[in-house]
Amino acid sequence: MRDVELFSYEACPYAQRVRMALIEKGIPFALTEVDLYNKPDWFKTLSPYGKVPLLRHGDALICESRIINEYIEDAFPDRPLLPADPDLRARARIWIDYCDSHLMPALHALIGDRHNPEKQIKNRQVVRERLLFIEREGLRKLSEGPYWLGADVSLIDLQFMPFFERFPCYVELWDAPLPAECSSLIAWVDLMRTRDSHLRTVQTHEFHMIRYRRYDQAA
Ligand SMILES: N[C@@H](CCC(=O)N[C@@H](CS)C(=O)NCC(=O)O)C(=O)O
């Protein structure tokens, strides 16, 4: 068995972040797919929250995608994905947090309230505001681009990309497009689509649509 093993699920955007980080850093790893609809007992024993991603590195067992990516950064300092400067490093962490603390809840509300047209009007507005905030305060202010922190890809790019891969589904199902004003964001998504770490982890639009439609079947 390889030194690094990632417990993952093919449709999981959080696991995808970690796979992208391992690929960007050139770290060989074994990928173990977990059936989340029929979790094996060994996985329930191993994973404290019963969730993927879960990373095993030697004796270390790390959960939570953000923490895993920071662990990878600490344990494998070659090809850094965070800046060395403490100020920039903190700002990178703020945007990494923004993804999970602000953008994700807005997107989850679109899914949760999909049968409530009145709430969806407000939800779409919130998503739009968060995207405009990302454009104005993030991509345009942090660097000259083309990545969040400038010429090189960083953990911020990897944090957000799985959700922008799925954005065409949000447009098709819930009428929540990327605002035209977000030109830097749109250019960044196009650029990220060409990266090896994306090409090696991406799923098709139809693959994602099948999974989002299952929410309706389950409702
Ligand atoms: N905050 C976690 C979220 C991970 C997560 O929600 N994983 C989902 C799959 S996308 C999961 O394992 N769900 C199984 C369950 O909740 O039982 C992270 O960033 O790693």
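I started at Lys 39: one of its polar side-chain atoms lies 2.5 Å from an oxygen atom of the ligand. Note to self: this is a predicted model, and I am reading every distance as computed from it.

Next I went to the ligand's nitrogen atoms. Val 52 brings a backbone N or O atom to 2.8 Å from a nitrogen atom of the ligand. Glu 64 uses its side chain, where an N or O atom is 2.8 Å from a ligand nitrogen. I then checked how covered the ligand is: on its own it has 520 Å² of accessible area, and the protein covers 72% of that.

Where does the ligand sit? I found it in the largest pocket.

I listed the residues around it: Cys 12, Tyr 14, Leu 36, Lys 39, Gly 50, Lys 51, Val 52, Pro 53, Glu 64 and Ser 65. Sorted by type, this shell gives me five nonpolar, two polar and three charged residues.

Cys 12 turned up in that list, and I wanted to know about disulfides. My count came to zero. Why does Cys 99 make no bond? Its closest cysteine sulfur belongs to Cys 12 and is 12 Å away, which is too far, because a disulfide needs the two sulfur atoms within 2.5 Å.

Last lookup: are these two cysteines buried or exposed? Cys 12 has 10% relative accessibility, so I put it down as buried. Cys 99 is buried too, with a relative accessible area of 0%. The cut-off I used for both is under 20%.

Conventions:
Residues numbered from 1 in each chain as written. Predicted model: local features only at pLDDT ≥ 70, side-chain atom pairs only at ≥ 80, totals over all residues. Heavy atoms only, no water. Near = heavy atom within 4 Å. Polar contact = N/O pair within 3.5 Å; in protein donor to acceptor, adjacent residues only side chain to side chain. Areas by Shrake-Rupley, 256 points an atom, 1.4 Å probe, with all protein chains shown as cover. 1 Å grid on protein atoms, 1.4 Å probe; cavity = no way out; pocket = protein on both sides within 12 Å on 5 of 7 lines; lining within 4 Å. Sits in = over half its atoms within 2 Å of the grid points. Nonpolar A, V, L, I, M, F, W, Y, C, P; charged D, E, K, R; others polar. Buried < 20%, exposed > 50% of the residue type's maximum accessible area, 1.4 Å probe, protein only.
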